[in-house]
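Visitor: Before we begin, could you take me through this protein by way of questions, with the reasoning spelled out at each step?

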Amino acid sequence: MGGVAGIGAAALLTQLAGVPLLMAPFGATCVLLFAAPGAPLAQPRNVIGGHLIAATVGLVMMNVFGSGIWQMAVGVGVAIALMQFFRAVHPPAGANPLVVLTAGVHDWSFLATPVLAGSVVLVAIALVINNIGQAKQWPQYWV
């Protein structure tokens, strides 16, 4: 139910607003948000922060070094290290540098849409879905 609601809402908002709010790693984000909401990796800071950090790394790699095999490898490695440093590890976000580099994204607005807006939509849907029922309390922490 959560995956349908999360991706469905992001897809509908994409259609209505005419701005992209979806990217492939958000499917894996839904697995964590709705199948393992108590996991540290599924908390809002990790979801939003992890996606922003990793996408930023991808954009830096693309804009400074271009796209290639070593840029992809270094991009993923640096994204992991920075997510650990900022305590915002979110495994699906580890794919963001690959998304940026394989798609050839150069535009920094990618951080706003789909990365920030899409991850915020998913967290908002998780806030509703994960608190339905018997005294549920999600998230366990915000920051």
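Visitor: What is the handedness of the crossing of α1 and α2?
Guide: This is a predicted model, and in it the axes of helix α1 (residues 2-17) and helix α2 (residues 25-35) come within 9 Å and cross at roughly 140 degrees. α1 and α2 are therefore oblique to each other. As for its hand, the crossing of these two helices is right-handed.

Visitor: Which residues of α1 and α2 make the contact, and how do they divide into nonpolar, polar and charged?
Guide: On the α1 side the contact is made by Gly2, Gly3 and Ile7, while α2 supplies Phe26, Gly27, Cys30 and Phe34. Glycine is counted here among the polar residues. On that basis the contact of α1 with α2 comes to no charged, three polar and four nonpolar residues.

Visitor: Are α4 and α5 roughly parallel or roughly antiparallel?
Guide: Helix α4 (residues 69-85) and helix α5 (residues 96-103) have axes that come within 8 Å and cross at roughly 150 degrees. Because angles over 145 degrees count as roughly antiparallel, that crossing makes α4, with respect to α5, roughly antiparallel.

Visitor: Which residues of α5 are met by α4, and what is the character of that contact?
Guide: α4 passes α5 in a right-handed crossing. From α4, the residues taking part are Gln71, Met72, Gly75, Val76 and Ala79, and they meet Pro97, Leu98, Leu101 and Thr102 in α5. By character, the residues of this contact divide into three polar, no charged and six nonpolar.

Visitor: Is Val76 buried or partly exposed?
Guide: Val76 is found in helix α4, and, leaving out residues up to four places away in sequence, Val76 touches Gly94, Pro97 and Leu98. Pro97 is 21 residues from Val76 in sequence, yet their C-alpha atoms are 6.0 Å apart in space. Since buried means under 20% relative accessible area, the value of 22% for Val76 makes this residue partly exposed.

Visitor: Where is Arg87 found, and is Arg87 buried or exposed?
Guide: Arg87 is found in the loop between α4 and α5. Not counting its neighbours within four places in sequence, Arg87 is in contact with Arg45 and Asn46, whereas Ala117, 30 residues away in sequence, is 21 Å from Arg87, C-alpha to C-alpha. With a relative accessibility of 53%, Arg87 counts as exposed.

Visitor: What is the phi of Arg87?
Guide: Most residues other than glycine have a negative phi. Arg87 is not a glycine, although its phi is positive, at about 55 degrees.

Visitor: Which peptide bonds leading into Pro114 and Pro139 are cis or trans, and what is omega in each?
Guide: Most peptide bonds are trans. Pro114 lies in helix α6 (residues 112-129), and Pro139 lies in the segment after α6. The bond from Thr113 to Pro114 is cis, with omega near 20 degrees, and the bond from Trp138 to Pro139 is cis, with omega near 5 degrees.

Visitor: Is Pro139 buried or exposed?
Guide: Setting aside residues up to four places away in sequence, Pro139 touches Gln43, Pro44 and Leu127. Gln43 is 96 residues from Pro139 in sequence, while the two C-alpha atoms are 5.9 Å apart in space. At 9% relative accessibility, Pro139 counts as buried.

Visitor: How many helices and strands does the protein have?
Guide: Read along the sequence, the protein follows the pattern α-α-α-α-α-α. The count is therefore six helices and zero strands.

Visitor: What is the radius of gyration of the protein, and what would a compact globule have?
Guide: Taken along the principal axes, the C-alpha atoms fill a box of roughly 50 × 35 × 20 Å. A compact globule with 143 residues would have a radius of gyration near 15 Å, and the protein agrees with this, at 15 Å.

Visitor: What percentage of the residues is buried?
Guide: Among contacts in the protein with a separation of 6 or more, 75% come from residues 24 or more positions apart. As for burial, the proportion of the 143 residues that is buried is 42%.

How values were computed: Residues numbered from 1 in each chain as written. Predicted model: local features only at pLDDT ≥ 70, side-chain atom pairs only at ≥ 80, totals over all residues. Heavy atoms only, no water. Axes fitted to C-alpha atoms, helices over the stretch in contact; angles between N-to-C directions. Helix = DSSP H or I, 4+ residues; strand = E, 2+ residues; numbered from the N terminus. Parallel < 35°, antiparallel > 145°, perpendicular 65-115°, else oblique. Left-handed = near helix turned anticlockwise from the far one by under 90°. Contact = heavy atoms within 4.5 Å. Rg over C-alpha atoms; globule rule 2.2 N^0.38 Å. Buried < 20%, exposed > 50% of the residue type's maximum accessible area, 1.4 Å probe, protein only.
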